[in-house]
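Me: I am new to this structure and would like a close look at a single part of it. Please take one helix pair and describe how the two helices pack.

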Amino acid sequence: MKYDIIIVGSGPGGYVAAIRAAQLGKKTALVERAEPGGVCLNWGCIPTKALLKSAQVYGYCKNAEHYGLEFAGEVRPDLAKIVTRSRGVAETMSKGVLFLLNKNGIDLIPGFGRLTAPGRIDVDGTEYEADHIVLATGARPREMPFMPVDGEHVISSRQALTLDRLPESMIVVGSGAIGSEFAWFYAALGVKVTIIEYMPRMMPLEDEEVSKTMERAFRKLRATVLTSTTVKSVKVNDEGICEVEIEGKKGAETLTAGIVLSAVGIKSNIEGIGLEELGVAVEHDKIVVDEFYRTNVPGVYAIGDIVPGPALAHVASAEAVCCVEAICGLNPAPVDYTTIPSCIFTQPEVASVGMTEQQAQERGIAYKVGRFPFTASGKATAAGDRDGFIKLLFDDGDRLLGAHLVGASVTEMLAEPTLARTLGATAHQIARTIHAHPTMNEGVMEAAEAAMGAAIHL
């Protein structure tokens with residue numbers, strides 16, 4: 001069968017590309033070997049957030065007396081029910097994607113897609129043709145030779161979503177978004193968690209002040225954080241206990257835990273999809289593309305985790321729209337990779353966009369900082385969530401360079417600084433935009449005022 005556009009992979013890059021193509025009048029097909037919605041909706045972003053919400057509610061229940069409430073009995077987490085709810089949320093969202101595909105007249109082709117020739121793709125033995133083929137095959141957890149994943153004792157994020165019991169102890173290797181979120185989830189439910197990070201600080205891609213704040217938050221949760229620490233090997237002994245050999249600030253030592261979670265990054269799904277046969281250029285595990293996601297082979301495109309750039313769902317979606325609109329001749333603006341919002345859904349949450357102080361210093365950019373601590377926020381105090389701060393960086397023209405937020409619900413607040421950076425807003429413009437009171441978001445205005453030397457509440 002002949003299509004205008006075939007997309008391979010139905011994650012937040014693939015299904016968005018398919019819907020946008022259909023909206024623009026193209027005969028579109030979407031190839032998917034598993035559930036609609038890809039890893040994000042089924043085994044990543046969405047079910048993880050469902051788990052985290054359960055842990056947050058559990059925390060509120062345990063601390064109910066701080067809000068003047070009393071429970072008649074003990075509140076205990078039921079992991080099986082928590083996981084069941086999480087899987088239900090994922091299933092609901094996957095069905096939502098399927099509804100959207102049907103609504104837009106997109107053919108869903110089940111199976112594994114492989115390029116066979118320019119304009120041709122094989123799906124489990126059936127060949128299809130298209131003028132344009134967009135690869136959006138995503139990524140999977142990266143496995144390291146010194147830490148082989150067996151799915152039972154040494155697990156990846158996929159198994160971490162569906163454990164059938166709470167272990168007494170867990171070692172989490174890696175403190176990026178995935179590692180930190182699972183570490184917080186299990187620590188919040190009472191598991192003895194140790195986080196091991198190779199870099200000098202946890203959440204190493206975040207602003208240094210953010211990293212230090214989150215290290216304190218995890219230690220407050222009675223989790224152990226080991227930075228500047230290398231994992232040498234992970235073995236499972238005869239009793240089923242994980243033995244982790246590390247080299248850190250105290251030298252060499254061996255840690256033990258019931259489960260080890262490998263959260264050391266992801267690997268692009270580019271094997272076996274026909275790249276070599278067609279001569280599609282690949283560098284460092286990523287497909288080489290131009291600003292409109294065209295590969296070196298005419299008619300073949302790639303988006304999402306398989307191309308250079310942040311491996312984030314919303315980035316894949318933005319790339320999808322840009323790619324399809326370029327195919328359809330709409331001349332879209334290229335994706336601005338300097339203004340990509342990033343969120344980590346721990347408690348407190350972490351949200352950021354733009355430059356960190358370290359990046360500004362490395363590039364020799366003059367800047368000034370405006371801060372607002374949530375200890376000064378009426379809404380945060382009333383809610384009992386006073387941990388964290390808002391930090392805004394402005395250049396010498398007073399335009400926003402970066403925003404770094406730690407606190408309750410800051411992931412919901414990040415859109416304003418992201419829009420401000422996109423539009424080139426100044427500290428004065430942000431500070432003079434009236435913000436509703438009482439809200440956590442007032443802190444953005446207050447931080448901008450602080451950068452101007454006109455702070456009211458500090």
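Reply: What follows describes one pair of packed helices, then a residue and a sheet elsewhere in the chain.

The model is predicted. Two packed helices are described by the angle between their axes and the distance between the axes. For helix α3 (residues 45-62) and helix α4 (residues 79-103), the angle is about 145° and the axes are 8 Å apart. The crossing of α3 and α4 is right-handed. On the α3 side, the contact is made by Ile 46, Pro 47, Ala 50, Leu 51, Lys 53 and Ser 54. Helix α4 contributes Ile 82, Val 83, Arg 85, Ser 86, Arg 87, Val 89, Ala 90 and Met 93. Sorted by class, the residues of this contact are nine nonpolar, two polar and three charged.

Met 93 also gives a reference point for Ile 19: the two are 74 residues apart in sequence, and their C-alpha atoms are 16 Å apart in space. Ile 19 belongs to helix α1 (residues 14-23). Its relative accessible area is 13%, which is under 20%, so Ile 19 counts as buried. Apart from neighbours within four places in sequence, Ile 19 is in contact with Leu 100, Leu 101, Asn 104 and Ile 106.

The sheet is open and has three strands in the order β12-β13-β14, paired antiparallel. Strands β12 (230-236) and β14 (251-257) are at the edges with a single partner strand each, so one side of each has no neighbour in the sheet. Neighbouring strands are turned by 20° against each other on average, direction ignored. Seven bridges join β13 (residues 242-248) to β14. Val 244 has Leu 255 in β14 as its bridge partner.

Technical notes: Residues are numbered from 1 along each chain as its sequence is written. This is a predicted model: local features need pLDDT of at least 70, side-chain atom pairs count only at pLDDT 80 or more; totals for chains, interfaces and linings use all residues. Side-chain values use heavy atoms; hydrogens and water are left out. Two strands pair if DSSP finds at least two bridges between them. Helices (H or I, at least four residues) and strands (E, at least two) are DSSP runs, numbered from the N terminus. Axes are lines fitted to C-alpha atoms, for helices over the stretch in contact, and angles run from 0 to 180 degrees between N-to-C directions. A crossing is left-handed if the near helix is turned anticlockwise from the far one by less than a right angle, and right-handed if clockwise. Contact means heavy atoms within 4.5 Å. Ala, Val, Leu, Ile, Met, Phe, Trp, Tyr, Cys and Pro count as nonpolar, Asp, Glu, Lys and Arg as charged, and the others, Gly among them, as polar. Buried means under 20% relative accessible area, exposed over 50%, partly exposed in between (1.4 Å probe, protein chains only).
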